[in-house]
Amino acid sequence: MNAMQHYFDERLASAELIHSAETVAAAVTRVAGEITEKLAGADPLLLCVMSGGVPFAGHLMTQLQFPLEFDYLHVTRYGQKTEGGELSWRALPATPVAGRTVLVLDDILDEGTTLAAIVARLQAMGAQACYTAVATEKLNGKKKPIRADFVALTVPDRFVFGFGMDVSGHFRNLPAIYAMKAD
Ligand SMILES: O=P(O)(O)OC[C@H]1O[C@H](OP(=O)(O)OP(=O)(O)O)[C@H](O)[C@@H]1O
Ligand SMILES: Nc1nc2[nH]cnc2c(=O)[nH]1
């Protein structure tokens with residue numbers, strides 16, 4: 001076993017399972033139903049927030065059986081850290097959003113800074129309606145600048161990872177959601 005595999009296994013072994021892969025998959029399916037009820041017929045533009053939004057967007061969009069378009073945007077404020085900093089915009093959607101119904105897809109709504117800034121930016125770019133869906137919302141008791149329209153699962157006020165969420169760039173590929181025990 002190489003050093004990276006060892007580090008990965010140790011970290012996972014000492015982590016606490018918050019939501020199993022089955023629970024995550026069922027919650028995504030439930031949210032897909034809610035989104036279908038609201039947005040089927042609106043020909044929405046789905047916007048995946050890179051990089052954490054990828055697993056949620058991928059699993060979700062295959063369960064949306066109505067016309068839609070897909071693109072991405074990239075903004076980050078945590079980098080390799082466990083506490084958020086300044087927002088750094090890396091990419092705006094290449095598909096025009098003016099006049100469109102958009103649905104922003106991200107892995108976690110924590111303090112809400114990122115999602116609020118994204119919605120403000122898309123509205124400034126002329127989006128007609130801007131909906132948000134997150135795989136998780138952190139129950140941190142904080143006053144948040146935004147509420148998501150669709151929330152698959154809640155997570156406790158700890159640093160969580162898996163299903164898009166990283167620890168120093170790793171673990172995004174896990175199908176379940178964990179919290180670090182050292183918290
Ligand atoms: O609600 P907030 O406190 O603003 O935090 C949520 C944001 O933090 C994470 O992004 P991150 O900056 O870690 O970038 P990443 O998606 O590349 O991991 C996550 O993907 C959300 O976009
Ligand atoms: N990986 C990860 N990214 C986050 N971004 C905001 N909160 C979190 C969190 O708890 N875990």
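## A tour from ligand 2 outward

By class, the residues around ligand 2 comprise 6 nonpolar, no polar and 2 charged. This is a predicted model. Select the shell itself: Y78, I108, D110, F159, V160, F161, M165 and D166 surround ligand 2.

**Ligand 1.** Move to ligand 1, which has 18 residues around it, the closest being G52, Y78, D110, E111 and T114. Two elements give two or more residues to this shell, β5 (101-109) and α4 (113-124). Highlight β5, which supplies the largest share, 4 residues. By class the shell of ligand 1 holds 5 nonpolar, 7 polar and 6 charged residues. Keep Y78 and D110 selected: they are listed around ligand 2 and among the closest residues to ligand 1.

**The three-stranded sheet.** Return to V160 and F161, which make up β8 (160-161). The strand belongs to an open sheet of 3 strands, ordered β1-β9-β8 and paired antiparallel. β1 (15-19) and β8 are the edge strands; each has a single partner, so one side of each lacks a neighbour in the sheet. Show β9 (residues 177-180) next to β8: 2 bridges join the antiparallel pair. Within that pairing, F161 is placed opposite Y178 of β9.

**The loop after β8.** Follow the chain from β8 towards β9 and stop at F163, which sits in the loop between these strands. F163 is not a glycine, yet its phi is positive, at about 50 degrees. Is F163 buried or exposed? F163 is buried, because 30 other C-beta atoms lie within 10 Å, where 20 or more is the cut-off. Further along, S168 lies in the loop between β8 and β9 and also has a positive phi of about 50 degrees without being a glycine. S168 is exposed, because its count is 12 other C-beta atoms within 10 Å, and 12 or fewer is the limit for that class.

**The loops on either side of β7.** Select L139, in the loop between β6 (129-138) and β7 (150-155). L139 is exposed, with 11 other C-beta atoms within 10 Å. Add V155: its C-alpha atom is 6.1 Å from that of L139, although the two are 16 residues apart along the chain. Now take P156, in the loop between β7 and β8. P156 is exposed, with 12 other C-beta atoms within 10 Å. Its C-alpha atom is 7.0 Å from that of N140, at a sequence separation of 16 residues.

**A cis peptide.** Zoom to the bond from M50 to S51, which is cis, with omega near 0 degrees. S51 falls in the loop between β2 (45-50) and α3 (54-61).

**Helix α2.** Select residues 21-39, the 19 residues of α2. From first C-alpha to last, α2 reaches 26 Å, close to the 27 Å expected at 1.5 Å a residue. Colour V24, A27, V28, V31, A32, I35 and L39, which are buried. Looking down the axis of α2, these buried residues fall within an arc of 150 degrees, so they line one face of the helix. An α-helix has 3.6 residues a turn, so residues three or four places apart point the same way. What does the face of α2 turned away from its buried side carry? That face carries the exposed residues E22, G33 and E37.

**The annotated range.** Finally, select residues 18-166, which an unreviewed UniProt entry annotates as "domain: Phosphoribosyltransferase". Over this range the chain is 26% helix and 32% strand, and the end C-alpha atoms are 15 Å apart.

How values were computed. Residues numbered from 1 in each chain as written. Chains lettered and ligands numbered in written order. Predicted model: local features only at pLDDT ≥ 70, side-chain atom pairs only at ≥ 80, totals over all residues. Near = placed C-beta within 6 Å. Nonpolar A, V, L, I, M, F, W, Y, C, P; charged D, E, K, R; others polar. Pairing = 2+ DSSP bridges. UniProt positions renumbered as here; feature names shortened; annotations may be inferred. Expected span 1.5 Å × (residues − 1). Arc of directions from axis to C-beta.
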